[in-house]
Every structure is written in structure tokens, then in C-alpha cells.
Amino acid sequence: MSRLRVALPKGRLFEPSAGLFRSAGAAIQDSGRKLLIPSTDPAIEFLVVKPGDVPVYVESGAADLGITGTDVLRESGADVLEPLELQFGFCRLVVAAPTHAHYPALPGGVTARVATKYPRLSQAFFAAAGRPVDIIPVGGSVEVAPLLSLSHWIVDLVDTGNTLRANGLVERETILHCGAVLVANRASQKLKLDAYLDLMERLEHAG
Ligand code: AMP
């Protein structure tokens, strides 16, 4: 049977992702600092990459499969299969603003500036609502943007809401409910169908 290469995301989705594959009989084998990590199942090997890189690895075929959040996936616009929704990584992509900030419009017809790590999804959301905004793309620490007057509002992921509260921000609207998903390369799903179907069945029972 052909070998499947699986891209796992670093960070908060890593442990539950590794745990899912462990339950499915493919536990990560400690391999020092190797790029490709073998598993207890010789037919499956892992690649651990930044969460934002999983869609491009899988879309390009550098990895056959991957785990990523739907926030990252939709933002990337990658053309991949999504055979399995997973039961972890739940969160929401929301618009948030400082407690006393004007929302959903600023006085005097001023165009709001919105800081976010999700420029595509944010732009699409406000455009669909017919509300023009200026998107300020940032790489991290989005919550501080309004405190520093970089932006009026932000678009960011929320889980418990603690981070927003700690920065004096309140949720105004939900853009997207997110969670982890298994993604697959379109061509390799066909070329390695037997291995793919076998793994899919094991993951469905493990989850
Ligand atoms: P919280 O304080 O629990 O609302 O968590 C918010 C922080 O955690 C933000 O910085 C988010 O970017 C991050 N976060 C929350 N949920 C997720 C997730 N499922 N995947 C990645 N990052 C997340």
C-alpha cells in the first residue's frame, strides 16, 4: 500500500491532532529533528508545519493529508478536499471593538480601520454587508491594535473570550464558526485510494 504523508499543525491543534492519529494506530515516533517523522504505522509519516502552511502543503501535494482549522483554510482559499470534520479546535472568528467604541458605523461617515490576521475573510464579510472598511493586515497581537489607535475594530479568533476581555474589547458580530478539519489533496486521494480509505475509516472510529 502507498505511504501517506500527513501535515500536522504546530501550536494548539498539535496535541489533539497527534492524539487522533495515535488512537487510529499511527503514533508519532520521536525522530530527533528530522523533517519527516515516521509513525508506528509504516504507511503513514508526518510533517509538522506552521498552521497557516498546512493548506498550501496539501493543495500542492507536498503532503497527501493535513489537519488545519477552518479559519486558516477559508482564509487561504486552498482547493482541497475536506473529508472529515474533527471534534476539537472549536472557536469563532468575530468582529470586536473597544467597549465604548462606535459600532457598526463611525460618526461623520469615517471609514473604520479593522486590524486582522484574516484580511480575506474580513474584507469579504464587510463587503457582503455593504459596509466599506480599511483592512489593516497584521501578523499577531491583534488585540492591542485599538489600544494603540492602529485600528478602530479588530477581527480575530475567540475561544473563551478571556483575551478580548483582558484587552477591553467586546464581541460585536460573528463571521465564522471554526473547528479543526482533515484536508486531503485531490489527486492523491484518487492515486492512493486504498491507503486513503483505510486511514479514513480508522480516523472516523478513533474520533
Ligand atoms: P480566548 O482568550 O480563549 O478567547 O482565546 C483567544 C486567543 O486564542 C486568540 O489569540 C486566538 O488567536 C487564539 N485561539 C483561540 N482558539 C483558537 C483555535 N481554535 N485555533 C487557533 N488559535 C485559537
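A polar contact is a pair of N or O atoms within 3.5 Å. The model shown in these views is predicted.

**View 1. Polar contacts between the ligand and T163, D159 and R12.** An oxygen atom of the ligand lies 2.5 Å from a polar atom in the side chain of T163. For D159, a backbone N or O atom is 2.9 Å from a ligand oxygen. R12 contributes through its side chain, where an N or O atom is 2.8 Å from an oxygen atom of the ligand. The protein buries 80% of the 500 Å² that the ligand exposes when taken alone.

**View 2. The ligand in the largest pocket.** The space that the ligand takes is the largest pocket of the model. Two elements, β9 (153–158) and α5 (162–166), each give two or more residues to the shell around the ligand. β9 gives the most, with 3 residues.

**View 3. The shell of 13 residues around the ligand.** The closest of the 13 surrounding residues are R12, D159, T160, G161 and T163. By class, the shell comprises 5 charged, 5 polar and 3 nonpolar residues.

**View 4. L8 in strand β1.** Strand β1 covers residues 4–9 and includes L8. L8 counts as buried because its relative accessibility is 0%, and buried means under 20%. The C-alpha atoms of L8 and A18 are 7.7 Å apart in space, while the two residues are 10 apart in sequence.

Notes:
Residues numbered from 1 in each chain as written. Predicted model: local features only at pLDDT ≥ 70, side-chain atom pairs only at ≥ 80, totals over all residues. Heavy atoms only, no water. Near = heavy atom within 4 Å. Polar contact = N/O pair within 3.5 Å; in protein donor to acceptor, adjacent residues only side chain to side chain. Areas by Shrake-Rupley, 256 points an atom, 1.4 Å probe, with all protein chains shown as cover. 1 Å grid on protein atoms, 1.4 Å probe; cavity = no way out; pocket = protein on both sides within 12 Å on 5 of 7 lines; lining within 4 Å. Sits in = over half its atoms within 2 Å of the grid points. Helix = DSSP H or I, 4+ residues; strand = E, 2+ residues; numbered from the N terminus. Nonpolar A, V, L, I, M, F, W, Y, C, P; charged D, E, K, R; others polar. Buried < 20%, exposed > 50% of the residue type's maximum accessible area, 1.4 Å probe, protein only.
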